[in-house]
Amino acid sequence: MVDRAEAARRGLLHRLATTVCRDPAGRYLVYRRPPSAPRFAGLYDVMVGGAVAVGEGYAEAAARELAEELGVLVPVRPVARFLVRGALCPYWLGLHEAVITTGVRPDPAEVAWCGWMTAAELERHTAAHPYVPDGLLALARYRAAAGAP
């Protein structure tokens with residue numbers, strides 16, 4: 001087994017779990033990656049997540065990543081699982097959604113800025129700012145599968 005960085009460096013297929021976070025009003029959580037991030041430094045994203053560990057399920061990994069990156073403990077709902085021919089390498093993506101009803105406590109090593117946006121605000125923001133390309137792909141899949149704006 002190799003870690004995510006090694007899998008990406010060697011172009012090996014691996015598993016990632018991500019979550020689209022919404023609030024009770026339906027707004028999307030958007031964040032900017034820190035300038036020190038090893039991948040996609042300084043870009044915006046709507047997918048919170050990371051690698052699925054050996055023996056770990058997608059939903060378990062998605063919930064763990066939310067706790068690590070945003071400081072929230074919330075249930076996640078699986079939305080879709082699909083193969084991504086990613087910007088860096090191919091991977092299986094387990095896509096989830098979560099409703100966050102409490103404040104977030106972002107890890108500054110993972111999140112430089114975050115905020116909530118309506119679907120219309122998100123559309124304008126994605127047109128005007130650089131986003132992680134795979135995150136935009138996953139957002140489109142999420143909207144189609146979940147019937148979300």
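**Strand β6 and its partners**

I looked up R77 first and found that E97 is its bridge partner in β6. This is a predicted model, in which I took local features at pLDDT of at least 70 and side-chain atom pairs at pLDDT 80 or more, whereas totals for chains, interfaces and linings use all residues. Residues are numbered from 1 along each chain as its sequence is written, and side-chain values use heavy atoms, with hydrogens and water left out.

Going along β6, I noted that G94 is the bridge partner of R81, and that V99 is the bridge partner of R22. Strand β5, residues 77–85, pairs with β6 in the antiparallel sense over eight bridges, while strand β1, residues 14–22, pairs with β6 in the parallel sense over nine bridges. For pairing I required that DSSP finds at least two bridges between the two strands. The strands (E, at least two residues) and helices (H or I, at least four residues) are DSSP runs, numbered from the N terminus. I also recorded that β5 is joined to β6 by a hairpin of four residues.

Is β6 mostly covered or mostly open? I found seven of the ten residues of β6 (90–99) buried, where buried means under 20% relative accessible area, exposed means over 50%, and partly exposed lies in between, with a 1.4 Å probe and protein chains only.

**T19 in strand β1**

I then turned to T19, which is placed in strand β1 and counts as buried because its relative accessibility is 0%. Leaving aside neighbours within four places in sequence, I listed V46, M47, V48, A62, L66, V76, H96, E97 and A98 as the contacts of T19, contact meaning heavy atoms within 4.5 Å.

**Nonpolar cores**

Which residues touch the most other members of the largest nonpolar core? I found them to be Y28, L95, L122 and Y142, in a core of 21 residues. At least two residues of this core come from each of β1, β2 (28–32), β5, β6, α3 (119–128) and α4 (133–146). A second, separate core holds 17 residues, including Y31, V52, I100 and V111. By core I mean a set of buried Ala, Val, Leu, Ile, Met, Phe, Trp, Tyr and Cys residues joined through side-chain atoms within 4.5 Å. I kept in mind that in soluble globular proteins nonpolar side chains tend to be buried together.

For Y142, again without neighbours up to four places away in sequence, I noted contacts with V20, R22, Y28, V79, L95, E97, G147 and A148.

**Helix α4**

I checked the length of α4 and found agreement, because its 14 residues should span 20 Å at 1.5 Å a residue and its end C-alpha atoms are 20 Å apart; the expected span is 1.5 Å times one less than the number of residues. The buried residues of α4 are D134, G135, A138, L139, Y142 and R143. After α4 comes G147, whose phi is positive, near 65 degrees.

I looked more closely at D134, which counts as buried because its relative accessibility is 14%. Beyond four places in sequence, D134 touches V84, G86, A87 and Y91. From D134 to M47 I read 8.9 Å, C-alpha to C-alpha, with their places 87 residues apart in sequence.

**Rings and charges**

How many aromatic pairs does a search of the whole structure find? I counted three, taking rings of Phe, Tyr and Trp (its six-membered ring) as paired if their centres lie within 6.5 Å, with planes under 30 degrees apart called stacked, over 60 edge-to-face and the rest tilted. One of these is edge-to-face, because the rings of Y44 and W113 have centres 6.0 Å apart and planes at 75 degrees. This pair links distant parts of the chain, with Y44 in strand β3 (residues 44–45) and W113 in strand β7 (residues 113–117), 69 residues apart. Y44 is buried at a relative accessible area of 14%, whereas W113 is partly exposed at 36%. I noted that Y44, W113 and Y131 form one aromatic cluster.

I also found R22 over the face of Y28, at 4.0 Å from the ring centre, and R15 over the face of Y58, at 5.1 Å from the ring centre. I counted a charge as over a ring if NZ of Lys or CZ of Arg is within 6 Å of the ring centre and within 35 degrees of the ring normal.

**F40**

Last, I looked up F40 in the loop between β2 and β3, which has a positive phi of about 55 degrees although it is not a glycine. F40 counts as partly exposed, at 24% relative accessibility.
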